[in-house]
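Visitor: I would like a close look at a single part of this structure. Please choose a residue and follow it outward to its partners and surroundings.

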Amino acid sequence: GTLASVLTEGVKNTIGDSRVKVTYEPEYVPAVPPAMPDIPPEQLAGMIKATVKVEVLDGNIAYLKIQHIIGEEMAQKVGPLLLEYIWDKVLPTSAMILDFRSAVSGELSGIPYIVSYYTDSEPLIHIDSVYDRPSDITTELWSMPTLLGKRYGTSKPLMILTSKNTLGVAEDVAYCLKNLKRATIVGENTAGGTVKIDKIKVGDTDFYVSVPVAKSINPITGKSWEIDGVAPHVEVPAEDALET
C-alpha cells in the first residue's frame, strides 16, 4: 500500500496528471460486463431502479437521483420500462433536479441521451468531442433528433446537484448542460475525472496503473472538465445542495 502511494506520487509528478494512480491489488480480477442479451429487460429495469431514485417534491419539482448513467444500448432495451417507471412521472412537473452527487460511473453513449431530453429536437447540437488515444479516433457526440418518450424541453428550470465525488460521465453531462446554459449547477466542484480509464498490469507484479485513455473537448468552451472538474454556479457543501 505504501509503495503504491509512493509510486502514484512519482508517476503523478512525472506525468503531471492527478488522475493517474498506481495500486497494489493481488486479488484484482478485471470486471467483464455481462453480455447484454442474456439479461431479461425486467431484471435490467430492476438494476436500474436500484441506481435511480425518482420522486415529485413539493412545488411540482421532479427529483431524479442517478448513480450510474446507462448507455444507449441499455436504454433502448429497457426504454418502455424506464418511461413508465421514471420519465412519465416527472414529465408533467414544472422544474427538475438531477442529483449527481453520488454519480460515479456511466457509459459515454448515455451523454447525448440525457442532454437531448433537455434540448430541442432541432437544430441538432454538437455536445462533445471525445478523443480516444489507443485508437487515435475522435468521436463527436451530437444531440438526438428522436428519443423514447417526450422531451422535458428547454423552458422548464433544470438544476444539477454535484459533489466532489461526482465523477466521469456525469461530470460531462453537467458540463454540457452548464455550457448550453440549460442547467444551474448547485453543490461542490466535481472530481475532475475522465470519460475513460484503462487499468494496466505492471509486468508480472500485482501492481496496476490506472491511466486516462480518452479526452473530452467541449465545442462551446474548447476546454475540458477533466482534471479541474465542473465548477458549480452556486457553491455549497454537497449535503446542503438539495436544501439550497
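**Lys 199 and its surroundings**

Guide: Let's start with Lys 199, which counts as partly exposed at 33% relative accessibility; that class lies between buried (under 20% relative accessible area) and exposed (over 50%), using a 1.4 Å probe and protein chains only. Please keep in mind that this is a predicted model, where local features need pLDDT of at least 70, side-chain atom pairs count only at pLDDT 80 or more, and totals for chains, interfaces and linings use all residues. Residues are numbered from 1 along each chain as its sequence is written, and side-chain values use heavy atoms, leaving out hydrogens and water.

Lys 199 makes a salt bridge with Glu 25, with 2.7 Å between the closest N and O atoms; the term asks for a side-chain nitrogen of Lys or Arg within 4 Å of a carboxyl oxygen of Asp or Glu. This pair connects distant parts of the chain: Lys 199 sits in strand β11 and Glu 25 in the loop between β1 (21-24) and α2 (41-51), 174 residues apart. Strands here are DSSP runs of E with at least two residues, helices are runs of H or I with at least four, and both are numbered from the N terminus. Glu 25 is partly exposed too, at 22%.

The whole structure has 4 salt bridges. Among them is Lys 53 with Glu 55, at 3.3 Å from N to O; Lys 53 is partly exposed at 44%, and Glu 55 at 32%. Another joins Asp 99 to Arg 101 at 2.8 Å, and there both residues are buried.

Back at β11, we also meet the largest pocket, about 960 Å³ in volume. A pocket is an open set of points on a 1 Å grid over the protein atoms alone, with protein on both sides within 12 Å along at least five of seven lines, and lining residues have an atom within 4 Å of a point. Points are joined across faces, edges and corners, and the volume is the space filled by probe spheres set on them. Of its 31 lining residues, Thr 194, Val 195, Lys 196, Ile 197 and Asp 198 lie nearest the centre. The elements giving two or more residues to this lining are β6 (105-106), β7 (126-132) and β11 (197-201), and β11 has the largest share, with 3. By class, the lining holds 13 nonpolar, 10 polar and 8 charged residues; Ala, Val, Leu, Ile, Met, Phe, Trp, Tyr, Cys and Pro count as nonpolar, Asp, Glu, Lys and Arg as charged, and the others, Gly among them, as polar.

Technical notes:
On a 1 Å grid over the protein atoms alone, a cavity is a set of points where a 1.4 Å probe fits but cannot get out, and a pocket is an open set with protein on both sides within 12 Å along at least five of seven lines; lining residues have an atom within 4 Å of a point.
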